[in-house]
Amino acid sequence: MTASQAARRDRVIAAAMKLGAKGGYDAVQMRDVATTAGVALGTIYRYFSSKDHLLAAGMVDWSKELEARVTEQPPAAGSAADRVVAVIRGVTAGMEQQPKLAAAVVSALRANDPAVVECQREITGTIMAVLAAPLPDVPEAERDGIVRVLAHVWNSTNLGWVNGWLTVGQVGDDLEQAARLLLRDTP
């Protein structure tokens, strides 16, 4: 991708995120994204197969930014559980600040579009790296298992939140409980 293509793609994602933050999943209409980004509708479909793919790609970018921040300076104070909980609470606080956007992205990630599935894989790997960052002293095999289970809890609770049977606060609470149970004997 050339620099101008990458910039155009980034504008499209930013436009979708802006619309999602303002009005949620239903507010992200491809024509509105094109207008907001200042591109032709066909340009969007050159990069993204669907609205779900576009929103999922936005989540990929967001999760990579999160990974860069957390891996650059992971929490260091407290027990292993305290450090993971600090990361979890930081992420869920971000969801609480932009609940319509977070719900839009989680909704989009439920699609079984092959392009979205690839985004799901990428996001899961990134979230696992984010959860592993504050656990450098935990043996790798044990850490990988703990992080995998936490990622599953994260996905499940996000689904419950988007479907209305959990609040975003409960997402954080359930993740914290899972982290504390999994890491209770880890210093």
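Me: What makes a surface "accessible" here, and how much of it belongs to carbon and sulfur atoms?

Reply: Accessible areas come from the Shrake-Rupley method with a 1.4 Å probe, and for residues only the protein chains shown count as cover. On that basis the protein has about 9,500 Å² of accessible surface, with 52% belonging to carbon and sulfur atoms. This is a predicted model, in which local features need pLDDT of at least 70, side-chain atom pairs count only at pLDDT 80 or more, and totals for chains, interfaces and linings use all residues. Residues are numbered from 1 along each chain as its sequence is written, and side-chain values use heavy atoms, leaving out hydrogens and water.

Me: Why does the radius of gyration agree with a compact globule?

Reply: The radius is taken over C-alpha atoms, and the rule is 2.2 Å times the number of residues to the power 0.38. For 187 residues a compact globule would be near 16 Å; the protein has 17 Å, so the two agree.

Me: What makes α8 a helix, and how do you know that its span is as expected?

Reply: Helices are DSSP runs of H or I with at least four residues, numbered from the N terminus. Helix α8 covers residues 140–162, which is 23 residues. The expected span is 1.5 Å times one less than the number of residues. That gives 33 Å against 32 Å between the end C-alpha atoms, so the values agree.

Me: Which residues of α8 are called buried, and what do they pack against?

Reply: Buried means under 20% relative accessible area (exposed is over 50%, partly exposed in between; 1.4 Å probe, protein chains only). Among those in α8 are Ile 146, Leu 150, Trp 154 and Trp 161. The buried residues of α8 pack against α5, α6, α7 and α9, where contact means heavy atoms within 4.5 Å.

Key. Helix = DSSP H or I, 4+ residues; strand = E, 2+ residues; numbered from the N terminus.
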